[in-house]
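This report describes selected features of the structure shown below. It begins with a single residue and proceeds to strands, cores, charged pairs and aromatic rings.

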Amino acid sequence: MRTCLQQTTLDAIAHVFDILDYAALGAIYCDEGGEAFWEERRGPAQQLGIQLAEVLLQRLTPGGHSLYVGAAVAEIPALIMETLELRRAVRACNLRAPEVALLNLACRGLPFRFQAEDARTVPDTVDHLWIVSVLNDPERFPELGALSGGRANPVTFDPEVFITERRAASALAANCLEKLVRPGLVSTSVEEIPWITDWCERQRFVCIVEDEDYPTAIVGDPVCLIRIGDAALSDSRPDPKQRNLKNPTRPGVNER
């Protein structure tokens, strides 16, 4: 099985990262210090994105469909790989219209577009859902994100706000996961595993989290892959090399 990206794919990725408007992106990502932020992260974002694209190259089937929730700079290598090498249809959603415009300008000529739309409104079904650092986004879910990342302050933590955010995150996860055909693949962050496994258990779907996770450069949350199938959990026969998450634990996760 081929594991390395084609040179044309690598050239396309390098071109996009070369021409991105990092000054404008810095103003979107940071209140101040945006130039330094991208100076530090643009190289790792490209290289780690390529490594993750190579992983997905082994997992995804040609001609399928992917939905990317909150897609931005970090997702560019995977989007280019999927469309150029696997000829897959991708829907890349991002609610920040100014960022979408910058991304589309840099990706002009490639067979995909970023869309300034809510991923929940996308009518299509997909066999791959990318939902990374969305359900624990500290801007959208400040209390939930703090608790999920181990940053919650017991003095200032607001449990009532947390309950509201938890309901919203659960609904967001469900709305996106309902678009996934089975068997299907979910790419998500380690911190977001409980949202995926909780939904699968309530739907009585097989949910297997691959043991390995992969570093990222923008927000730093490691990414993992979750395979979801149709069979009831009680009837599942998971691969002994992988872990069936009826009780969601993974090597290393609880130690983070």
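Gln115 has its place in strand β3; helices (H or I, at least four residues) and strands (E, at least two) are DSSP runs, numbered from the N terminus. The model is a predicted one, in which local features need pLDDT of at least 70 and side-chain atom pairs count only at pLDDT 80 or more, while totals for chains, interfaces and linings use all residues. Residues are numbered from 1 along each chain as its sequence is written, and side-chain values use heavy atoms, with hydrogens and water left out.

**Gln115 and helix α5**

With a relative accessibility of 31%, Gln115 counts as partly exposed; buried means under 20% relative accessible area, exposed over 50%, and partly exposed in between (1.4 Å probe, protein chains only). Leaving aside neighbours within four places in sequence, Gln115 is in contact (heavy atoms within 4.5 Å) with Arg91, Ala92, Cys93, Asn94 and Val100. The C-alpha atoms of Gln115 and Leu95 are separated by 7.9 Å, and these residues are 20 apart along the chain.

Val100 is itself one of the buried residues of helix α5 (residues 97-106), together with Glu99, Leu102, Leu103, Asn104 and Ala106. The elements that cover the buried residues of α5 include α1 (7-19), α2 (22-29), α4 (76-84) and β3 (114-115).

**Strand β7 and its partners**

Strand β7 (residues 223-228) is largely enclosed by the rest of the structure, because five of its six residues are buried. Strands are taken to pair if DSSP finds at least two bridges between them. β7 pairs in the antiparallel sense with strand β5 (residues 180-189) over six bridges, and Val186 has Ile226 of β7 as its bridge partner. The pairing of β7 with strand β6 (residues 207-214) is likewise antiparallel, over five bridges; here Ile208 stands opposite Arg227 in β7.

**Nonpolar cores**

A nonpolar core is a set of buried Ala, Val, Leu, Ile, Met, Phe, Trp, Tyr and Cys residues joined through side-chain atoms within 4.5 Å. The largest such core has 48 residues, of which Leu20, Leu56, Ile76 and Phe114 touch the most other members. At least two residues of this core are supplied by each of α1, α2, α3 (34-59), α4, β2 (89-93), α5 and β7. Helix α3 gives the largest share, ten residues. Apart from this core lies another, of 33 residues, including Ile131, Ala169, Cys176 and Ile193.

Which residues does Leu56 contact, leaving aside its neighbours within four places in sequence? They are Tyr68, Ala78, Met81, His128, Trp130, Leu185, Ser187 and Leu225.

**Salt bridges**

A salt bridge is a side-chain nitrogen of Lys or Arg within 4 Å of a carboxyl oxygen of Asp or Glu, and by this rule the count comes to ten. Three of the pairs are listed here.

| Salt bridge | N to O distance |
|---|---|
| Arg59 and Glu210 | 2.9 Å |
| Arg91 and Asp124 | 3.4 Å |
| Arg120 and Asp118 | 2.7 Å |

The pair of Glu210 and Arg59 links distant parts of the chain, 151 residues apart, with Glu210 in strand β6 and Arg59 in helix α3. Glu210 counts as buried at 7% relative accessibility, whereas Arg59 is partly exposed at 31%.

Arg91 and Asp124 also link distant parts of the chain: Arg91 is in strand β2 and Asp124 is in the loop between β3 and β4 (126-131), 33 residues apart. Arg91 is partly exposed, with a relative accessible area of 26%, and Asp124 is partly exposed at 36%.

In the remaining listed pair, Arg120 is partly exposed at 31% relative accessibility, and Asp118 is partly exposed at 21%. In addition, Glu82, Arg88 and Asp127 are linked in a network of salt bridges.

**Aromatic rings**

Rings of Phe, Tyr and Trp (its six-membered ring) pair if their centres lie within 6.5 Å; planes under 30 degrees apart count as stacked, over 60 as edge-to-face and the rest as tilted. A search of the whole structure finds eight aromatic pairs. Tyr29 and Trp38 form an edge-to-face pair, with 5.1 Å centre to centre and 75° between the planes. Tyr29 is partly exposed, with a relative accessible area of 21%, whereas Trp38 counts as buried at 1%. Both residues belong to one aromatic cluster with Tyr22 and Phe37.

The charged end of Arg96 sits over the ring of Tyr29, 5.1 Å from its centre; the criterion is that NZ of Lys or CZ of Arg is within 6 Å of the ring centre and within 35 degrees of the ring normal.
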